[in-house]
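The following exercises are to be solved with the sequence and the 3D structure at hand. Each task is followed by a solution in steps.

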Amino acid sequence: MSIWQTASWQNMLIASWQSEEYFIIEQNVATSSLRDDTVEMNHGEDIQKIYVEKRSVSLWEYGLFVIGFKGELDEDTMDSLQELCAEEKCLFLQIETIDYFMQPLSLEKGENSREGWVNKYYKKFIPPYTALIDLTQSEEQILAAMKPKGRYNIKVARKKWVVVEQVDSHIWNITKFYALMSETTARDSFAGNSLEYYKIFLESLDNAQMFFAYHDGEIIAAGIFVTQGDVMTYYYGASSNHKRNLMAPYLLQWTAIEHAIKRWCRIYDFLGVAGDNEKNSSLAWVTDFKMKLSPQKTLVSESRLYINKKWKYMLISLLRKLKK
């Protein structure tokens with residue numbers, strides 16, 4: 001299962017006031033299907049749990065979100081999701097897939113068509129494109145696949161005596177991370193989260209880890225990573241305005257990659273880069289950094305939207321466009 005399809009993630013969202021509540025829809029899985037930790041045995045049957053978030057959206061309306069779903073939804077499950085949307089009187093239902101071996105979804109007429117669904121989203125939580133590293137390779141192969149500048153910057157950080165360590169989630173360390181993140185958001189002009197949010201994030205998720213990069217005792221880069229199954233995801237990163245020539249973020253990433261290999265992970269996910277045709281993407285400023293370390297830009301997430309209240313959705317969509 002993906003990190004987004006876990007009870008701990010759902011509880012973290014509620015604790016941080018991002019969602020109101022969540023629901024669980026159960027889907028029977030054919031015994032011939034590939035099995036992983038998304039599937040539980042229930043009285044001899046294979047059952048897949050699907051977590052559905054309920055979030056406030058606009059004009060006193062709510063939306064249902066199935067984020068980070070792996071696999072296929074059968075017709076009975078789709079019916080159950082639409083029934084839940086109607087019962088909760090929600091504006092819409094959004095499904096976002098996560099698939100590192102992407103098979104593009106289709107809602108064209110034919111076998112996969114379903115009335116009322118469109119290939120779009122209200123708000124995207126998983127960036128469609130990301131940079132990936134195949135951790136089944138040797139460290140030498142991973143380094144060789146990086147761009148020369150990526151390998152060079154890792155060496156620079158080492159030569160300049162940058163040291164990277166995993167740290168615990170004590171409030172003092174979270175406060176230090178938040179201070180560095182505030183510096184980063186001010187410099188790069190993007191919105192960050194509150195100190196309380198990072199505290200809840202790290203305390204709620206047992207599989208979240210935090211790393212600091214030091215130089216002469218000063219924290220000059222930091223990152224928060226989440227390991228779920230055989231995937232490690234780079235979730236949040238921050239760096240100081242000082243000593244940027246030491247290239248600490250590159251060594252921080254390489255240390256996290258080494259950590260993931262030791263934990264038998266198979267995929268390292270940088271969680272989002274701009275697509276080739278997304279010149280105005282909010283991820284444009286980090287894409288160059290991530291792509292120096294990964295040779296792979298991959299489509300991993302697509303979205304489906306079922307609109308339950310069409311006229312209200314049209315009004316809200318118009319108001320959102322006017323605000324831009």
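**Exercise 1.** In which loop is Leu 271 found? Determine also whether Leu 271 is buried or exposed, and describe its phi angle.

*Solution.* The model is a predicted one.
Step 1. Leu 271 belongs to the loop that runs between strand E12 (267–269) and helix H8 (284–291).
Step 2. The relative accessibility of Leu 271 is 14%. Buried means under 20% relative accessible area, so Leu 271 counts as buried.
Step 3. Although Leu 271 is not a glycine, its phi is positive, at about 55°.

**Exercise 2.** Locate Pro 127, and state which residues Pro 127 touches, not counting residues up to four places away in sequence.

*Solution.* Step 1. Strand E6 (117–118) and strand E7 (129–134) are joined by the loop in which Pro 127 is found.
Step 2. Because its relative accessible area is 16%, Pro 127 is buried.
Step 3. With residues up to four places away in sequence not counted, Pro 127 touches Leu 271, Gly 272, Leu 283, Val 300 and Ser 301. Leu 271, the residue of Exercise 1, is thus among them.
Step 4. For Pro 127 and Gly 272, the separation in sequence is 145 residues, whereas the C-alpha to C-alpha distance is 5.0 Å.

**Exercise 3.** Which residues make the nonpolar surface patch of about 660 Å²? Examine Leu 59 and Trp 60 individually.

*Solution.* Step 1. The patch is made by Leu 59, Trp 60, Leu 315, Leu 318, Leu 319 and Leu 322.
Step 2. Leu 59 is placed in the loop between strand E3 (45–56) and strand E4 (62–69). Trp 60 is likewise found in the loop between E3 and E4.
Step 3. Leu 59 has 30% relative accessibility and therefore counts as partly exposed. Trp 60, with a relative accessible area of 80%, is exposed; the cut-off for this class is over 50%.
Step 4. Trp 60 is not a glycine, yet has a positive phi of about 65°.

**Exercise 4.** Which residues gather in a patch of positive charge on the surface? Assign Lys 321 to its element, and decide whether Lys 321 is buried or exposed.

*Solution.* Step 1. The positive patch gathers Lys 120, Lys 123, Arg 320, Lys 321 and Lys 324.
Step 2. Lys 321 lies in helix H9, which spans residues 310–323.
Step 3. Lys 321 reaches 63% relative accessibility, so Lys 321 counts as exposed.

Key. Residues numbered from 1 in each chain as written. Predicted model: local features only at pLDDT ≥ 70, side-chain atom pairs only at ≥ 80, totals over all residues. Heavy atoms only, no water. Patch = residues over 30% accessible without salt bridge, like charges linked within 9 Å, V, L, I, M, F, W, Y side chains within 5 Å. Areas by Shrake-Rupley, 256 points an atom, 1.4 Å probe, with all protein chains shown as cover. Salt bridge = Lys/Arg side-chain N within 4 Å of Asp/Glu carboxyl O. Lys, Arg positive; Asp, Glu negative; His and termini not counted. Charge placed at Lys NZ, Arg CZ, Asp CG, Glu CD. Helix = DSSP H or I, 4+ residues; strand = E, 2+ residues; numbered from the N terminus. Buried < 20%, exposed > 50% of the residue type's maximum accessible area, 1.4 Å probe, protein only. Contact = heavy atoms within 4.5 Å.
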